[in-house]
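I sat down with this one to jot what I could look up in the fold, entry by entry. Here are the sequence and the structure, then my notes.

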Amino acid sequence: MGRWFGCWSWNEAGTVLVRDDGAFLKYLGTADQEFDFRGGHWFRFLIGCTQGQSPLLVQHRPIGFQSQYRDLYWRADFTRGPSPTCYAQWAAFEQIAADGLACWPMQIFGEIPDFVAVEGGWSDGRFVRDRYHIYERARVQRLFLSGRVLEPDAVERHWSFRPLDAAVSAPSRAALAKSASSRAVKQGLAAMIDRGPALTCEDRAILLEEDENGALQATYVDEDFVSDRYRITGRYRGQEDRWYVGDYASVELGARRLDNLRPASLEFPKGLLGLLWKEPKRDHRGGENWDADPVLVERAAESFAEALFEVPSGAFTERRVFAPPKLVELNRGWIQAGYLKSRSWAARTLPTDEFVAAFADAPPPALVTVARSGINFDRELARLVGPNGSSLTFERLLDADTDGASVLLRCAGGGLDWPVVVRQGRHRYQELRPWRIDHHACLGLWRAETGRDLPQPAHWDCMRQFIEDAILSWADCEQTGPAPQRLVTSGGFYDGLWRTAELARTVDRPLHYDETVREPDTGEWSDYAPVKQWRRTDDLPVDLGERHYHEPNYVYGGGGRDEAPIPFEKARLSDAARLAASVLSISFHREEAHRADYADFVEGEKRLRVEALRSTLALGRVWPLGADAPSHGEWNPTKAAAIRPDLATWRGLRDAAESGLRAGETVTVTGVWLFDRFFGSFAERRTELSG
């Protein structure tokens, strides 16, 4: 056995996770060849425990409205194999799938899930397909449970709703919290359950009480655990069938075992004896707040995930809860291995497109990343044609392994027929999904195809710009899978020389939000031109650190008007154009001071000012300046009219920023043109020349 994940051990040789009680989750191989993988990839697993064994299909699918920030769902699909034979077997299988997939080692697939989704479930004595549970996997926050495992229920519980019976006398929760014995509390809770409203089953109950704001305040009770730390609210008008179960701080009974109840007024011993006598925390009202055993908290969360669906229509009609839920969201729970599960969802139907996409073989249109507006993309052929007639076309799949897939694209145009080998990276938690191109490896294929040495630099440079625009305008399609969120290239012509791995360019795809809500600006198209070369004319050290104006109190600490911008300067080789550091500005907002530095671009009679540091240029807006504008000191940008750079101007500024780097330097450009669309924010380019 290898590494330990809470109560799971990893067996590298068998590619299997083994739980302390002998249950296991074993990886068997891929299943892409049998299913439509446009939305992700399919894998085969085997689940085993004392209740039996069963094959399991798991789909890895990135979904989301923002193409740059898609979440990765691992979907455990119990509807495509043999159905569980009884409730006990189903409960055990679901627990193994949800917990084991959340703890699966990254090195197997090169990725870990943001969410683990389970399709299929048990309801009313039979296995049903339209039952769903989605677990959010939080980032490595751990509580070690010493190998303890929450035992799944052996028998399905049947919840029922008990309406309010005003004739039954019962204490209030505040009065009950003052009871001095566990017996008195248990008797009081039984009376409260009889009075209602409550959800009850064989051995547990959930008491419901509307507060002054119309929200449901819930108290969970079972044989040895009680907690009134729950509040239930409808989402908001229009989503009233989505109920949210939250954990809040103000408590009366607390969250603890029933045999640990003590009156709130009892004084606890201090000093050495106090270390042995556990004391509850106090909220701002003085109420007790016991640290609950996470296994007990998980038992309560599982009960809420089932019981709330039994609330009948019209049971609560105040301001917050409008209708029985179709989906229940729980904001607190525990996964067995100890990863904090900050949220989970249980659903009987799928009310939103996000959840539909987690379970449907083909995602709904709202969650499909389409080609950029105005771009000619053929989804059936996986082929994009640019405004200059150049095309980028999927040719074939080269290979696929646990780290990702490689595909061969073909770029035709500008006098070149260029093979483009793309390595598709896996989705990693809170990281972009990249496509990678090694231009030096592509050169090897081109040489083998044509027998030539190097392509003509100007033709190749224009083609490289088209490839960048095309890939960042690519769509989801069956041949290449989910659209890229980032393009990383290495090698190629740079400043007149063919480079290899020392040259790296990274371009991020603009946020999907910019395309759908804030439509990008459009402009007149002009064909690609080779990048014009620049050279550094200052003598700044390569390793000179950049200033970080976003740090708190930078301006008030003396770094405002007292420090001139770092004096970098560049000159274009073909003429007298130059880019040089110039002025600074100070602005104030809500008693906070902010500083920005600028650089001036001079080309003949034209003079433009951009926000820039030595290694960062923001090209989302530029300020045209007269010849008499000051080039040093403090400047107020609000007294000049900023404009969006047209395509030709942007290319000149881009060349000035990205060309002429010295070994060991990096430059970042924000604000980019893609074909004839301009994205002024949330779009970034980075060029690095290593030593």
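**Odd backbone spots**

I started at alanine 382, which lies in the loop between strand 23 (376-378) and strand 24 (383-385). Helices (H or I, at least four residues) and strands (E, at least two) are DSSP runs, numbered from the N terminus. Alanine 382 is not a glycine, yet its phi is positive, about 50°. I checked its cover too: alanine 382 counts as buried because its relative accessibility is 0%. For that call, buried means under 20% relative accessible area, exposed over 50%, and partly exposed in between (1.4 Å probe, protein chains only).

A note on what I am looking at: this is a predicted model, where local features need pLDDT of at least 70 and side-chain atom pairs count only at pLDDT 80 or more, while totals for chains, interfaces and linings use all residues. Residues are numbered from 1 along each chain as its sequence is written, and side-chain values use heavy atoms, with hydrogens and water left out.

Next I looked at aspartate 495, in the loop between strand 29 (486-494) and strand 30 (497-508). Aspartate 495 also has a positive phi of about 50° without being a glycine. Aspartate 495 counts as partly exposed, because its relative accessibility is 22%.

Then I went to proline 197, in the loop between helix 4 (182-195) and strand 11 (198-200). The peptide bond leading into it from glycine 196 is cis, with omega near -10°.

**Whole protein**

I tallied 12 helices and 39 strands. Of the 691 residues in the protein, 54% are buried. The accessible surface comes to about 30300 Å², and carbon and sulfur atoms hold 50% of it; I used the Shrake-Rupley method with a 1.4 Å probe, and for residues only the protein chains shown count as cover. Among contacts (heavy atoms within 4.5 Å) with a separation of 6 or more, 61% are between residues 24 or more positions apart.

**Strands at the start of the chain**

I followed the strands from 2 to 5, where two strands pair if DSSP finds at least two bridges between them. Strand 2 (residues 8-11) runs antiparallel to strand 3 (residues 16-19), with 4 bridges. Tryptophan 10 sits opposite leucine 17 of strand 3. The two strands make a hairpin with 4 residues between them, and threonine 15 in the turn has a positive phi of about 50°.

Strand 3 goes on to strand 4 (residues 24-30), again antiparallel, through 3 bridges. Leucine 17 turns up here too, with leucine 25 as its bridge partner in strand 4. This hairpin also has 4 residues between its strands, and glycine 22 in the turn shows a positive phi of about 100°.

Strand 4 then pairs with strand 5 (residues 41-49) in the antiparallel sense over 6 bridges. Threonine 30 faces phenylalanine 43 in strand 5.

**Two helices**

How many residues does helix 1 have, and how far does it reach? Helix 1 (residues 87-102) has 16 residues and spans 23 Å from first C-alpha to last, close to the expected 22 Å. The expected span is 1.5 Å times one less than the number of residues. Since 15 of its 16 residues are buried, helix 1 is largely enclosed by the rest of the structure.

Helix 9 has 15 residues, and its end C-alpha atoms are 21 Å apart, in agreement with the 21 Å expected. Helix 9 is largely enclosed as well, because 12 of its 15 residues are buried. Among the buried ones I noted Trp460, Cys462, Arg464, Gln465, Glu468 and Asp469.

**Cavities**

I counted 8 cavities of 30 Å³ or more. The largest has a volume of about 80 Å³. Its lining includes Gln465, Glu468, Asp469, Trp525, Tyr528, Trp650 and Arg685. Helix 9 (457-471) and helix 12 (647-658) are the elements that give two or more residues to that lining. Helix 12 supplies the largest share, 4 residues.

My cut-offs: on a 1 Å grid over the protein atoms alone, a cavity is a set of points where a 1.4 Å probe fits but cannot get out, and lining residues have an atom within 4 Å of a point. Grid points are joined across faces, edges and corners, and the volume is the space filled by probe spheres set on the points.

**Last stop: glycine 664**

Glycine 664 is in the loop between helix 12 and strand 38 (665-674). Glycine 664 is partly exposed, with a relative accessible area of 45%. Leaving out residues up to four places away in sequence, glycine 664 touches Val542, Leu689, Ser690 and Gly691. Leucine 689 is 25 residues away in sequence, but the C-alpha atoms are 5.6 Å apart.

How values were computed
1 Å grid on protein atoms, 1.4 Å probe; cavity = no way out; pocket = protein on both sides within 12 Å on 5 of 7 lines; lining within 4 Å.
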